[in-house]
Amino acid sequence: MEFDQQKTPLFTGLKQYASKNPTPFHIPGHKKGQGMEPSFRDFIGENALSIDLINIAPLDDLHHPHGFIHEAQQLAANAFGADYTFFSVQGTSGAIMTMIMSVCKPGDKIIVPRNVHKSIMSAIIFSGAMPVFVHPVVDRTHGIAHGVTTESIQRAVEAHPDAKAVLVINPTYYGFACDLKEIVKIAHSASIPVLVDEAHGVHTHFSEDLPISAMEAGADMAATSVHKLGGSLTQSSVLNVKSGLVSVDHTTAIMSMLTTTSTSYLLLASLDVARKHLATKGRSELARVIDLSHSARKRLNSINGIHCVGAECLTSSATFAHDPTKLFISLNELSISGYEAEVWLRDNYGIEVELSDLYNILCIITLGDDQTKVDLLLNALTELAHSFKQSEKQTVQLDVKVPDIPTLALSPRDAFYAQTEFVSFQESTGRIIAEFIMVYPPGIPILSPGELITQENLDYVKENMAAGLPVQGPEDQTLAFLKVIKEQSAIV
């Protein structure tokens, strides 16, 4: 079959349908914007509202694609090197849940790094799978977790040859990638499929100067955020699949179960055109973006008091490759936290960063950036460094804290659905937590259902809260109380 990556069958089909100006007696009730608040209609525009449609007969249906959605997904599979590509309007979280629930049923083991996104733990709870946690390599200099080593995956596969999947993050939020090709080789030698959280790696498919993509490495499934770095609208992603160790038909059924029947054609069309842009212009555009990123990193590292982390961290199979478009900036030598720097950049320069934590900020260079925007960032960070530089007498390396990974005492599903009670935050040490605690972004749980609460983890939560970082997850949003497994006392 010939694939013309210049085509946009879904977007083109929607425009052709809208040009006929049909009179709708169906949902959505705004009827091309006529039934909504005029100020919103005027801001959004008639074109967008004209293709905010539902799966009526002239249009294809995401739940049973056979027309232009099917053709658009085929073009995407060809572009991404997959056997089949599913469009997701549930974000990458929805694609991740589909991916895990397609291969795991209650009681099945899945090998995963502990520093996974909340959506992965949610999928494990929904599926009833039992996680076999692999410790990521911890960077105590910068207070972050990297990927997992090939050696740790080898040991996990040897200890659990009955595992139904190995899941890895490639690349991480901070732009570091493990030796994915070798991990695939290890897992496939035991006939275990490899699932990849590729939320931050859509662009890796279109440049040899970036870490290897999941499909190119031979992975079986990859949940890939097109909206994060690929140019589609927020909440639109894809699930790429290679048939063999996983069933495309079963994945289709699970995807349909987890997908709204009111699918957004705006999101679907944006995936179609983003795929075209990446497939036809991605390589040349990414070459420009990578050059821009290398230049920015070099200039950042010339600023006294700032360090933009990069290739110097490529010291193990857990940090096997690096995405230079992620400007991960350490502020350890300044008298300001990452969160305080985020607020300062917003208030003084109108700049919004991707992420901040206790010690760092993360800025992302994408196809939508140019030299002018990067210059603004560099000027702002130069002033920031000058304003918050510690004096020679004050200069001291921050004590970067990374808590140990908690012990899993109960399966996440059992913990989530168990009888629970609320105890005060301070008195929860030693109890089994029944909810998530995380800082979002990046959404990696500090504690997940089923894990033993330690004082070290509580101290880390308090430190993040004191710094103003967005600690989320608990039902009690004040974090005065935590939900834990109810303990049964003996009857006397």
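Which side chain meets that of Asp108 in a salt bridge? In this predicted model, where local features need pLDDT of at least 70, side-chain atom pairs count only at pLDDT 80 or more, and totals for chains, interfaces and linings use all residues, the partner is Lys105, at a distance of 3.6 Å from N to O. Residues are numbered from 1 along each chain as its sequence is written, and side-chain values use heavy atoms, with hydrogens and water left out. A salt bridge is taken as a side-chain nitrogen of Lys or Arg within 4 Å of a carboxyl oxygen of Asp or Glu, and by this rule the count comes to 16 salt bridges. Asp108 counts as buried, its relative accessibility being 9%; here buried means under 20% relative accessible area, exposed means over 50%, and partly exposed lies in between, with a 1.4 Å probe and protein chains only.

Two further salt bridges involve helix H12 (residues 265–300), helices (H or I, at least four residues) and strands (E, at least two) being DSSP runs numbered from the N terminus. Within H12, Arg288 and Glu285 are 3 residues apart, about one turn of the helix, and their side chains form a salt bridge of 3.1 Å, N to O. Arg288 is partly exposed, with a relative accessible area of 31%, and Glu285 is likewise partly exposed, at 22%. The side chains of Asp375 and Arg299 meet in a salt bridge of 2.9 Å, again N to O. Because Asp375 belongs to helix H14 (residues 371–387) and Arg299 to helix H12, this pair ties together parts that are 76 residues apart in sequence. Asp375 is partly exposed at 26% relative accessibility, as is Arg299 at 33%. Elsewhere, Glu342, Arg346 and Glu352 are joined into one network by salt bridges that share partners.

The burial pattern of helix H7 (residues 150–159) was also examined, and its buried residues are Thr150, Ser152, Ile153, Ala156 and Val157. Viewed down the helix axis, these buried residues fall within an arc of 160°, so they line one face of H7; the arc is that of the directions from the helix axis to the C-beta atoms. The face turned away from this buried side carries the exposed residues Arg155, Glu158 and Ala159. With contact defined as heavy atoms within 4.5 Å, the buried residues of H7 pack against strand S2 (109–113), strand S3 (130–134), strand S6 (165–169) and helix H8 (180–189).
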